[in-house]
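The exercises below ask you to read a fold from its strand pairings and helix packing. Work through each task on the displayed model before turning to the solution that follows it.

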Amino acid sequence: MLLRGQRFRLWLHRTVEGRIKSGNFSQDARGRWYCNLVCEVPRSQRRGRDDIGIDLGLKSVAKCSDGTELEQARFYRDLEPKLAEAQRKRRKRQVKSIHAKSANRRKDVLHKFSRALVDRARKITVGDVSASAMTKTRMAKSVLDAGWSMLRGMLRYKCDHAGVAYAEVNEANTTRTCSSCGCLSGPTGLIGLSVRRWTCSECGAEHDRDQNAARNIARLGCETPCPSGHESPGF
Ligand SMILES: [Zn+2]
């Protein structure tokens with residue numbers, strides 16, 4: 001590649017699609033250099049049919065209204081003992097490399113997960129949860145925050161590109177509300193945090209906690225007009 005008269009040799013990590021418009025270089029925590037290219041690709045008009053709600057959480061990074069989920073463990077859990085050991089022995093380079101590895105892995109998993117969702121969706125709605133309200137340790141918090149905001153960002157631009165509607169909604173009461181009858185019969189408070197499955201006392205529907213929340217989020221999304229200008233899909 002030729003840039004400002006200088007020649008650079010690159011490894012192709014991903015196929016370049018469309019016409020290259022601009023680019024830059026960036027460096028990760030391990031000191032590796034990356035070339036980022038902005039390409040112009042024609043907007044695809046292929047749209048799925050599902051209105052998908054996503055509940056972002058601790059146990060699963062994301063649980064969808066259709067039951068698909070992305071488990072936290074896939075990101076970094078197996079790297080945690082290694083990281084703790086490297087930190088204890090003050091091996092700075094190793095600490096850096098483990099952080100970079102987990103970040104790369106997270107990015108890759110989130111790309112694939114968001115791609116699959118956008119491909120089958122007509123509308124995607126995500127809750128506005130923040131990690132600080134949900135966890136005590138700093139490591140867990142920063143990992144969650146980074147994962148959630150990265151996932152939201154990927155969904156936003158992939159939806160925009162594919163012509164799929166995207167919305168973020170206030171997720172208050174989405175766990176408590178029964179997605180079948182609308183009653184506030186679900187788990188509440190600190191004790192409620194450990195309840196994974198519950199039965200609605202009003203209508204008898206059985207719920208997976210996070211999937212029920214995701215269904216409520218999907219419904220809220222359909223009641224919310226889209227800021228991106230895509231017309232609402234028939235509600
Ligand atoms: Zn109910």
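**Exercise 1.** In this predicted model, determine how many bridges join strand 5 to strand 8, and in which sense the two strands run.

*Solution.* Begin with the pairing itself: strand 5, which spans residues 50-56, is joined to strand 8 by 5 bridges, and the two strands run parallel. Next, fix the register with individual pairs: D50 has A121 of strand 8 as its bridge partner, and G53 stands opposite T125 of that strand. Finally, examine how covered the two strands are: in strand 5, 6 of the 7 residues are buried, and in strand 8, residues 121-127, the count is likewise 6 of 7. For the chain as a whole, 27% of the 235 residues count as buried.

**Exercise 2.** Identify the pairing of strand 5 with strand 6, and state how many residues lie between them in the hairpin.

*Solution.* Strand 6 covers residues 60-64 and pairs with strand 5 in the antiparallel sense over 3 bridges. Two pairs can be located along this ladder: D55 has K63 as its bridge partner in strand 6, while L56 stands opposite A62. The two strands form a hairpin, with 3 residues between them.

**Exercise 3.** Establish the strand order of the sheet, and decide which strands lie at its edges.

*Solution.* The sheet is open and has 5 strands in the order 7-6-5-8-9, with mixed pairing. The edge positions belong to strand 7 (69-71) and strand 9, each of which pairs on one side only. From one strand to the next the twist averages 20°. To follow the sheet from strand 8 to its edge, note that strand 8 and strand 9, residues 165-169, run parallel and are joined by 5 bridges, and that K123 has A165 of strand 9 as its bridge partner. The mixture of senses is thus visible on the two sides of strand 5, which is parallel to strand 8 and antiparallel to strand 6.

**Exercise 4.** Which strands of the sheet does helix 3 touch, and which does helix 6 touch?

*Solution.* Take strand 5 and strand 6, which pair in the antiparallel sense, as a point of reference within the sheet. Helix 3 packs on the sheet by touching strand 5, strand 7 and strand 8, and its direction makes about 130° with that of strand 8. Helix 6, residues 209-223, also packs on the sheet, where it touches strand 5, strand 6, strand 8 and strand 9, and its direction makes about 125° with that of strand 5.

**Exercise 5.** Describe how helix 2 is oriented against helix 3, and name the residues that make the contact.

*Solution.* Two quantities are needed at the outset, since a packed pair of helices is described by the angle between the axes and the distance between them. The axes of helix 2 (residues 80-88) and helix 3 (residues 92-120) come within 8 Å and cross at roughly 155°. Because angles over 145 degrees count as roughly antiparallel, helix 2 is roughly antiparallel to helix 3. The crossing is left-handed. On the side of helix 2 the contact is made by K82, L83, A86 and Q87, and on the side of helix 3 by Q94, V95 and I98. Sorted by class, these residues are 4 nonpolar, 2 polar and 1 charged.

Notes
Residues are numbered from 1 along each chain as its sequence is written. This is a predicted model: local features need pLDDT of at least 70, side-chain atom pairs count only at pLDDT 80 or more; totals for chains, interfaces and linings use all residues. A residue is buried if 20 or more other C-beta atoms lie within 10 Å of its own, exposed if 12 or fewer, and partly exposed in between; C-beta atoms are placed from the backbone. Helices (H or I, at least four residues) and strands (E, at least two) are DSSP runs, numbered from the N terminus. Two strands pair if DSSP finds at least two bridges between them. Axes are lines fitted to C-alpha atoms, for helices over the stretch in contact, and angles run from 0 to 180 degrees between N-to-C directions. Angles under 35 degrees count as roughly parallel, over 145 as roughly antiparallel, 65 to 115 as roughly perpendicular and the rest as oblique. A crossing is left-handed if the near helix is turned anticlockwise from the far one by less than a right angle, and right-handed if clockwise. Two residues are in contact if their C-beta atoms, placed from the backbone, lie within 7 Å. Ala, Val, Leu, Ile, Met, Phe, Trp, Tyr, Cys and Pro count as nonpolar, Asp, Glu, Lys and Arg as charged, and the others, Gly among them, as polar.
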